[in-house]
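Trainee: I have a new model open and don't know where to begin. Can we go through it together?
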Amino acid sequence: MSILQIINQIAADPSRNAKEAILTANKDNETLKAVFKAAYDPTVKYYLKRIPEAKSALGDAPRHMTIELPRALSNLSVLSERNLTGTAAIEYLADLLFMMNEDDREVISRVIVGDLKCGATDSTANKIWKNLIPEYPYMRCCLPKDTKLDKWNWKKGAYSQLKADAMFANLDIFKDGEVMLTSRNGSQFPITSFSGLAVDALETFPKGVRINGELQVMKDGKLLAREIGNGILNSVQQGEPFGPGEVPVYDVWDIIPIEFAVPGGKYEVAYSERWATLSGYLSARATVTDINSIRPIPTRIVYSLAEAYDHYFELTELGFEGTILKEAGAIWFDGTSKWQMKLKIDCDVDLVIMPWRRAGKGKNAATFGSIPCQTSDGLLEVYVSGFKDAKRKELHEMGDKLNGMIMTVRFNNIMRPKDNGMTSLFLPRYVELRTDKTEADSLQRVKDQFEAIVNKAKLGLI
């Protein structure tokens, strides 16, 4: 059985247990093991945005040599180590694929894009082959319902911090002075593209620490929108340079000794102390020079859950995603912490669909981008998105039949009226069509429902 046949066998069974059983039965297959590592090791990149057609540089000359899959995997180091780039890299891969059989060619193509398309990725592979793919420590947040709010020491204050939804990054300053910038899953950013940030880091922080923060991009002194900045950062991570006037900025919120930043690691120092340490280094640096590539994340000390939600609403009304709330005594550890939470309020309302669509872009160009909806009194209007591909296609095929139907819409905040007096919602997403209803909620009904949920949230009841 070829490697592709094994992968397709894994893909054919939706059961996770079945997938693991197939991998276990093939755990002694060193080539299969190497394929999973080549596809999912976050420290290895191939720097190609597309898979070229398999063809030889000699044209349609007959194949004189067949390259087996193990050797082809080894040859990918030419790409991952950047020995060849650009057109030369594309031509090299095209020639490599030309000399492979059809099954192995498909496997290499999936490895390059980092997706074996079988529903089994790094975590599954590590269950079969221990420590095959590097794992990276990360402290995740809970939702409010999963936290220990009754045990928080509100008298000391909690830390309410902006969640800008930019690109998470660890900045490591090793004891030998090396600086490394990595994504959440361990993928490295080319530090030469972040040389200014690396210099600022070395001059601001001591050696032997890890900093947690979010990367954003400024252009000509102005902060770019999250989706634009993240797109640029993704391109830079793939080896592209920053464009003219584009510079990275790093908003930071935590600092720990680097020896604790390991899988299963724990650093038993209160967050209030870690934040004070981080802020102290940044303040001391600011008195020496006008540092602007590394900034403390916007933070407010709050003394109740109600104050925390007030801060959340202030920021969402400005267009930010929301806030992260941290208990003052919370320690750092690799895992999900019940002492820090992502504030979020979901409210569902019923709106009427209006008779026109916003055109889609990219893969949605043939359908639509969003659907306009209003309250029954016409005082609130939003463009709803958040459709899965199958649902988007279904709604598109309904066409004008959608006009006047009722849609349940989920949102996180009510936005202040615009210049035209029209109220809107923050992050409106599709939930379902209400074929059993013929009347939408009014603006007042929307406000009443949202207020009821907010009051419960401030009391810690949701």
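Trainee: Which residue lies over the face of Tyr-383?
Mentor: Arg-358 does, at 3.5 Å from the ring centre. Keep in mind that this is a predicted model.

Trainee: Noted. What sits over the ring of Phe-368?
Mentor: The charged end of Arg-392, 5.1 Å from the centre of that ring.

Trainee: Let's go to charges in general. How many positive and negative charges does the protein chain have?
Mentor: The chain carries 59 positive and 60 negative charges. Their mean positions are 2 Å apart.

Trainee: Back to rings, then. How many aromatic pairs are there?
Mentor: The count comes to 19 aromatic pairs. One of them is Phe-36 with Tyr-40, which is tilted, with 6.1 Å centre to centre and 45° between the planes.

Trainee: Where are Phe-36 and Tyr-40 along the chain?
Mentor: They belong to helix α3, which covers residues 30-40. Because they are 4 residues apart in that helix, about one helical turn separates them.

Trainee: Are those two buried or exposed?
Mentor: Phe-36 is buried, and Tyr-40 is buried as well.

Trainee: And what kind of pair do Phe-189 and Phe-194 make?
Mentor: An edge-to-face pair, because their planes are at 75° and the cut-off for that class is over 60 degrees. The ring centres are 5.6 Å apart.

Trainee: Why does Phe-189 count as buried?
Mentor: Because its relative accessibility is 3%, and buried means under 20%. Its partner Phe-194 is buried too, with a relative accessible area of 0%.

Trainee: Which residues form an aromatic cluster?
Mentor: Tyr-309, Tyr-312, Phe-313, Phe-411 and Phe-450 form one.

Trainee: Now the whole chain. How many helices and strands does it have?
Mentor: There are 14 helices and 20 strands. The C-alpha trace spans about 75 × 65 × 50 Å along its principal axes.

Trainee: What share of the residues is buried?
Mentor: Of the 462 residues in the chain, 46% are buried.

Trainee: And the surface: how much area does the chain expose?
Mentor: About 23,300 Å², with carbon and sulfur atoms supplying 50% of it.

Trainee: Last one, on contacts. Take those between residues at least 6 apart in sequence: what percentage join residues at least 24 apart?
Mentor: The figure is 75%.

Notes:
Residues are numbered from 1 along each chain as its sequence is written. This is a predicted model: local features need pLDDT of at least 70, side-chain atom pairs count only at pLDDT 80 or more; totals for chains, interfaces and linings use all residues. Side-chain values use heavy atoms; hydrogens and water are left out. Helices (H or I, at least four residues) and strands (E, at least two) are DSSP runs, numbered from the N terminus. Buried means under 20% relative accessible area, exposed over 50%, partly exposed in between (1.4 Å probe, protein chains only). Contact means heavy atoms within 4.5 Å. Accessible areas come from the Shrake-Rupley method with a 1.4 Å probe; for residues, only the protein chains shown count as cover. Lys and Arg count as positive and Asp and Glu as negative; His and the chain ends are not counted. The place of a charge is taken as NZ of Lys, CZ of Arg, CG of Asp or CD of Glu. Rings of Phe, Tyr and Trp (its six-membered ring) pair if their centres lie within 6.5 Å; planes under 30 degrees apart count as stacked, over 60 as edge-to-face and the rest as tilted. A charge sits over a ring if NZ of Lys or CZ of Arg is within 6 Å of the ring centre and within 35 degrees of the ring normal.
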